[in-house]
4 protein chains.
Amino acid sequence: MSTAFRWPVRVFYEDTDTAGIVYYANYLKFFERARTEWLRAAGINQRELSQKERRAFVVTRCAIDYHAPARLDDQLILTVVVEKLGRASVNFQQQAWLDHPDHEPTLLCSALVRVGCVNTDSMRPEPLPAHVANQIRSQL
Amino acid sequence: MSTAFRWPVRVFYEDTDTAGIVYYANYLKFFERARTEWLRAAGINQRELSQKERRAFVVTRCAIDYHAPARLDDQLILTVVVEKLGRASVNFQQQAWLDHPDHEPTLLCSALVRVGCVNTDSMRPEPLPAHVANQIRSQL
Amino acid sequence: MSTAFRWPVRVFYEDTDTAGIVYYANYLKFFERARTEWLRAAGINQRELSQKERRAFVVTRCAIDYHAPARLDDQLILTVVVEKLGRASVNFQQQAWLDHPDHEPTLLCSALVRVGCVNTDSMRPEPLPAHVANQIRSQL
Amino acid sequence: MSTAFRWPVRVFYEDTDTAGIVYYANYLKFFERARTEWLRAAGINQRELSQKERRAFVVTRCAIDYHAPARLDDQLILTVVVEKLGRASVNFQQQAWLDHPDHEPTLLCSALVRVGCVNTDSMRPEPLPAHVANQIRSQL
């Protein structure tokens, strides 16, 4: 995960289920938190984007492989890499790693996430605003 | 729970945590589902209320007592009783019961929930629209 | 969705986000509810399976396409079809449809979900118990 | 919130609902994150407590007042104060504040949360282990 953007996530009770592990849907929450912080680091403010330009990012496709479970109190590292920047979409490669205090991180989960830009009124696809595309391009 | 409005809720993996029981915040989701279905049964459509009249219900206070835990696959019964109808608020008394196939239900959780009517633009309190107050009154 | 197993899901406030639509991770909750009810209909009790046979189902892979958004109060129909029954895994094809009172349902979301059977102590893969495999086979 | 323990929480899409605000149940998640980090800061490891001593903390009562809504991207500060340490329970006073870059924080939500110590096998109340009570006492 050398050069990828990283975002730490701690596992709390809310994230686990009765099998004693992080519930599978919750990785999508973790991945979104990491993408949001990646956008914020790139200078993109989603709330303004929505209010001033009527644009929002919505996930249109997502493929996830679950390799190993995480448990209560685990410290995770979420990574974000832009795989492809399209006219109205961005493809992200994301991973969740278990951070160990005394040895190398373990890969828990990896995902390809395709995010589309939509008009918030119509929910129809729209090109990314130029300044957003530029900010993303500058992070590649 | 004799004459109260009832709404069934099944416990799924998503509702549980690593302690093997329903996570405490999730009862607020169950209570809201029951209030929503109670409103629907009273002929009140929250989506229309929001879109056409710019009114929404928001919880302003809530006191919950947890008596016994629920587990995966449990069948719950949620109850709704209106305790007080105010000008811009409704007080609900709600309970969650564990439904047993072969004996009386067990009380799991009880709550007092105060719901306020707000303007969706300002999020400030507003009187309940007259037709909504009437529909609620007709259910008492 | 002619012959598939169907499970109804109503969209509540808890399922939506500030974009006004169902949050993308929540479809995985809906899909799990439908798989659980499909298992229940096939006579498989996950809580007993876990307590008596130390076996649980965990999702190992999942690919989701989001076609159209769902909103508050929408009535969804979730479908479940077994695509492949393996020795220690089951592949499901699942869909979420928007139910309209007056015309044909609209496809909102489709997913391929691979579920593995694990030992609940080790979380390592284990063959499906014979009676479970038989119950699933009888549903095909 | 001068001397209280503080824990920062960012509002993500997952936390909001279609009314554009943080969903009321999610404050209970935020409060739990803050209590967990408070316990961690006091040297109490809940996972070890559960595995080695068969003890867990469960919420038995909780009273919440909602004063003002939080929105996407808001930065919150959660506070934790122990109000009373009992033999088998701890009463917490907790608040959620909206952090502003340029003026004083605004109070969003305040809660009294009573947490009981239970045996994880029976889920029945048990006294707090002496070392846990001492660690909590040293934080008062």
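**View 1. The contact between chain A and chain C in this predicted model buries about 1,900 Å².** Carbon and sulfur atoms give 59% of that area. Buried area here is the accessible area (1.4 Å probe) that two parts lose on being put together, summed over both. In chain A, Tyr24(A), Leu28(A) and Met123(A) lose the most area to chain C. Together they account for 28% of what that side buries. The contact (heavy atoms within 4.5 Å) takes 21 residues from chain A and 21 residues from chain C.

Two sentences cover the conventions. Residues are numbered from 1 along each chain as its sequence is written, and chains are lettered from A and ligands numbered from 1 in the order in which they are written. In this predicted model local features need pLDDT of at least 70, side-chain atom pairs count only at pLDDT 80 or more, and totals for chains, interfaces and linings use all residues, while side-chain values use heavy atoms, with hydrogens and water left out.

**View 2. Polar and charged links join chain A to chain C, with two salt bridges in the count.** A salt bridge is a side-chain nitrogen of Lys or Arg within 4 Å of a carboxyl oxygen of Asp or Glu. Arg61(C) and Asp65(A) meet in a salt bridge through their side chains, at 2.7 Å from N to O. The rule also finds twelve residue pairs in polar contact across this interface, both residues at pLDDT 80 or more. A polar contact is a pair of N or O atoms within 3.5 Å; within protein, one must be able to donate a hydrogen and the other to accept it, and residues adjacent in sequence count only if both atoms are side-chain atoms.

On the side of chain A that touches chain C, α1 (26–41) and β2 of chain A each supply at least two residues. β2(A) gives the most, with nine residues. Helices (H or I, at least four residues) and strands (E, at least two) are DSSP runs, numbered from the N terminus. By class, that side has 14 nonpolar, one polar and six charged residues. Ala, Val, Leu, Ile, Met, Phe, Trp, Tyr, Cys and Pro count as nonpolar, Asp, Glu, Lys and Arg as charged, and the others, Gly among them, as polar.

**View 3. Chain B and chain A bury about 760 Å² between them.** Of this area, 68% lies on carbon and sulfur atoms. Tyr13(B), Thr18(B) and Tyr23(B) supply 58% of the area that chain B buries against chain A, more than any other three residues. The contact takes nine residues from chain B and nine residues from chain A. The rule finds zero salt bridges across this interface. It does find four residue pairs in polar contact, both at pLDDT 80 or more. The side of chain B that touches chain A has four nonpolar, three polar and two charged residues.

**View 4. A turn of 180 degrees lays chain B on chain A.** The RMSD is 0.0 Å and the shift along the axis is 0.0 Å. That is the relation of a two-fold axis. In chain B, the C-alpha nearest the axis is that of Asp17(B), 1.9 Å from it. Copies are superposed by least squares on the C-alpha atoms of residues with pLDDT of at least 70 in both. Of the interface residues of chain B, 100% are also interface residues in chain A, so the copies meet through the same surface.

**View 5. Lys52(A) forms a salt bridge with Glu48(A).** The closest N and O atoms are 3.8 Å apart. Both residues belong to helix α2 (residues 46–53) of chain A; being four residues apart, they are separated by about one helical turn. Lys52(A) counts as exposed at 63% relative accessibility. Glu48(A) is partly exposed at 40%. Buried means under 20% relative accessible area, exposed over 50%, partly exposed in between (1.4 Å probe, protein chains only).

**View 6. Two salt bridges link distant parts of chain A.** Arg54(A) and Asp121(A) meet at 2.5 Å, N to O. Arg54(A) lies in the loop between α2 and β2 (55–66), and Asp121(A) in the loop between β5 (106–119) and α3 (130–137), 67 residues apart. Arg54(A) is partly exposed at 36%, whereas Asp121(A) is exposed at 52%.

In the other pair, the closest N and O atoms of Arg55(A) and Glu126(A) are 3.4 Å apart. Arg55(A) is in strand β2 and Glu126(A) in the loop between β5 and α3, 71 residues apart. Arg55(A) is buried at 18%; Glu126(A) is partly exposed at 23%.
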